[in-house]
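Reader: I am new to this structure. Can you take me through it in short steps?

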Amino acid sequence: MSQTTDKPRILTGDTPTGALHLGHYVGSLENRVKMQDEYDCYFIIANVHALTTRADRTDEIHADTIEIVKDWISIGLDPRKSTFFLQSEVPAIAELTWYFAMLLGYGRLMKNPTIKDEIRVKGLTDQYSFGFLMYAVGQIADILAFKPACVPVGVDQVPHIEMTREIARRFNQTYCGVKGTVDDADHVKAGGVFPVPEAKVGRVGRLAGTDGQNKMSKSLGNAILLSDTPKAVQKKCNKIFTGRGSTDDPPVLEGNTVLEYLEIFHEDPDRVAELKGQYAASELFDGHLKKEVGEAINRLLDPVRERRAAITDADALDVIKEGTARANEVAEQTLWEAKKAANYGFFEREFNLK
Ligand code: TRP
């Protein structure tokens with residue numbers, strides 16, 4: 001019942017933290033667009049995870065949830081091909097989170113470098129909620145509930161996928177009789193409920209922000225948003241870090257964010273090589289490159305803006321309602337299999353969205 005297609009499945013998604021940006025685009029979104037024909041794609045809107053830092057701002061999270069759907073459709077993800085769904089309305093995920101939490105050591109979780117980084121970068125010190133730590137366990141459930149072959153993500157998410165792989169193995173070994181010697185690729189064949197899914201990192205695993213210092217991130221104010229106007233994009237591009245102290249200094253060729261963006265966003269490699277040569281020879285300067293980068297990014301974003309303008313909030317809600325119903329069919333089935341395997345399968349149930 002859960003397998004409606006023979007295509008291999010992928011699962012990935014985003015936390016609704018405000019509009020998505022170019023870092024999301026080159027890290028994962030672009031990959032998803034390419035994969036949607038060959039894979040049975042499930043895309044999760046992680047609105048429960050958004051509570052980790054904004055439990056007191058649920059109105060914002062609600063609005064950001066709608067924006068993510070618009071972002072996805074506008075960059076070319078097609079809800080007729082793929083399933084878009086809402087984490088908070090798939091209860092099987094919350095239930096699997098409990099079972100997985102019992103298989104994951106607290107010390108192991110605290111060694112997860114993404115968790116450690118977030119605590120540091122967001123200045124959480126020891127003030128984070130219990131739920132903040134739970135989100136990483138929840139992400140394991142987001143993924144395994146859909147038994148995907150692969151999870152396309154940015155590099156910062158790879159530690160979460162690594163933990164997911166460990167838990168899939170441990171569950172299969174603890175409850176399904178899968179031997180410790182079985183290869184990751186053979187877990188299901190050996191009787192495991194869960195596959196051991198692989199991470200797939202995008203073309204640019206980590207995109208620097210316009211400040212050139214940190215990873216692009218909306219909260220750090222160094223992000224170019226997919227929903228920015230052409231003018232806003234150019235304005236942000238004019239501030240991109242080039243490494244040059246004063247206009248009299250020679251051009252900096254390593255660690256210059258404008259050059260990086262040119263490579264990443266300009267569609268014509270010959271033009272990029274030409275610009276780089278002229279820049280290195282001081283025949284053109286920072287301002288010129290910033291303008292060309294802004295134009296290239298705007299060429300990328302123009303069709304995105306056009307599609308975005310055509311989507312209403314009601315359309316976005318319809319899309320996730322339909323997708324969430326489908327996602328529940330799959331996740332309920334997985335949960336039932338997992339419970340039976342672990343001898344918790346007391347009563348089968350039916351679950352429907354109204
Ligand atoms: N933590 C991811 C992020 O913030 C979002 C996410 C939640 C996710 N659940 C997931 C990504 C499952 C991949 C798979 O970007």
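Author: Start with a term. Helices are DSSP runs of H or I with at least four residues, numbered from the N terminus. Keep in mind that this is a predicted model.

Reader: In which helix is the place of methionine 35?
Author: Take the bounds of the helix. Residues 22-35 form a helix, and methionine 35 is placed in it. That helix is H1.

Reader: Does methionine 35 count as buried or exposed?
Author: Buried means under 20% relative accessible area. Methionine 35 has 7% relative accessibility, so it counts as buried.

Reader: Which residues does methionine 35 touch, not counting residues up to four places away in sequence?
Author: One partner is isoleucine 10, 25 residues apart from methionine 35 in sequence. Their C-alpha atoms are 8.7 Å apart in space. With sequence neighbours up to four places away not counted, methionine 35 touches Ile10, Cys41, Cys150, Pro152 and Lys200.

Reader: How is isoleucine 68 classed, buried or exposed?
Author: Isoleucine 68 lies in helix H3, residues 58-75. Leaving aside neighbours within four places in sequence, its contacts are Asp14, Thr15, Pro16, Leu20 and Ile45. Its relative accessibility is 0%, so isoleucine 68 counts as buried.

Reader: What distance separates the C-alpha atoms of isoleucine 68 and alanine 316?
Author: Along the chain, isoleucine 68 and alanine 316 are 248 residues apart. In space, their C-alpha atoms are separated by 9.0 Å.

Reader: What separates the centres of domain 1 and domain 2?
Author: Domain 1 covers 9-206 + 312-341, and domain 2 covers 228-308. The contact takes 12 residues from domain 1 and eight residues from domain 2. Taken over C-alpha atoms, the centres are separated by 34 Å.

Reader: Which members of the largest nonpolar core touch the most other members?
Author: This core has 50 residues. At least three of them come from each of domain 1 and domain 2. The members that touch the most others are Leu22, Trp72, Phe84, Leu207, Tyr261 and Ile297.

Reader: With which residues is tyrosine 261 in contact, leaving aside neighbours within four places in sequence?
Author: Two of its partners, Leu207 and Ile297, are also among the core members that touch the most others. With those neighbours left aside, the contacts of tyrosine 261 are Leu207, Ala208, Gly209, Thr210, Met216, Ile224, Ile240, His266, Val293 and Ile297.

Reader: Which residues line the largest cavity?
Author: The structure holds one cavity of 30 Å³ or more. The volume of the largest cavity is about 30 Å³. By class, its lining has six nonpolar, no polar and one charged residues. The lining residues are Leu96, Tyr99, Phe171, Leu335, Ala338, Lys339 and Ala342.

Reader: Which element gives the most to that lining?
Author: Two elements give two or more residues to the lining of the largest cavity: helix H4 (91-101) and helix H13 (313-341). The one that gives the most, with three residues, is H13.

Reader: How does lysine 147 count by relative accessibility?
Author: Lysine 147 is found in the loop between helix H7 (130-144) and strand E4 (150-153). Its phi is positive, about 45°, although lysine 147 is not a glycine. At 27% relative accessibility, lysine 147 counts as partly exposed.

Reader: Is asparagine 343 buried or exposed?
Author: Asparagine 343 is found in the segment after H13. Its phi is positive too, about 60°, although asparagine 343 is not a glycine. Exposed means over 50% relative accessible area. Asparagine 343 has 67% relative accessibility, so it counts as exposed.

Definitions and conventions
Residues are numbered from 1 along each chain as its sequence is written. This is a predicted model: local features need pLDDT of at least 70, side-chain atom pairs count only at pLDDT 80 or more; totals for chains, interfaces and linings use all residues. Side-chain values use heavy atoms; hydrogens and water are left out. On a 1 Å grid over the protein atoms alone, a cavity is a set of points where a 1.4 Å probe fits but cannot get out, and a pocket is an open set with protein on both sides within 12 Å along at least five of seven lines; lining residues have an atom within 4 Å of a point. Grid points are joined across faces, edges and corners, and a volume is the space filled by probe spheres set on the points. Ala, Val, Leu, Ile, Met, Phe, Trp, Tyr, Cys and Pro count as nonpolar, Asp, Glu, Lys and Arg as charged, and the others, Gly among them, as polar. A nonpolar core is a set of buried Ala, Val, Leu, Ile, Met, Phe, Trp, Tyr and Cys residues joined through side-chain atoms within 4.5 Å. Buried means under 20% relative accessible area, exposed over 50%, partly exposed in between (1.4 Å probe, protein chains only). Domain bounds come from an automatic or database domain assignment. Contact means heavy atoms within 4.5 Å.
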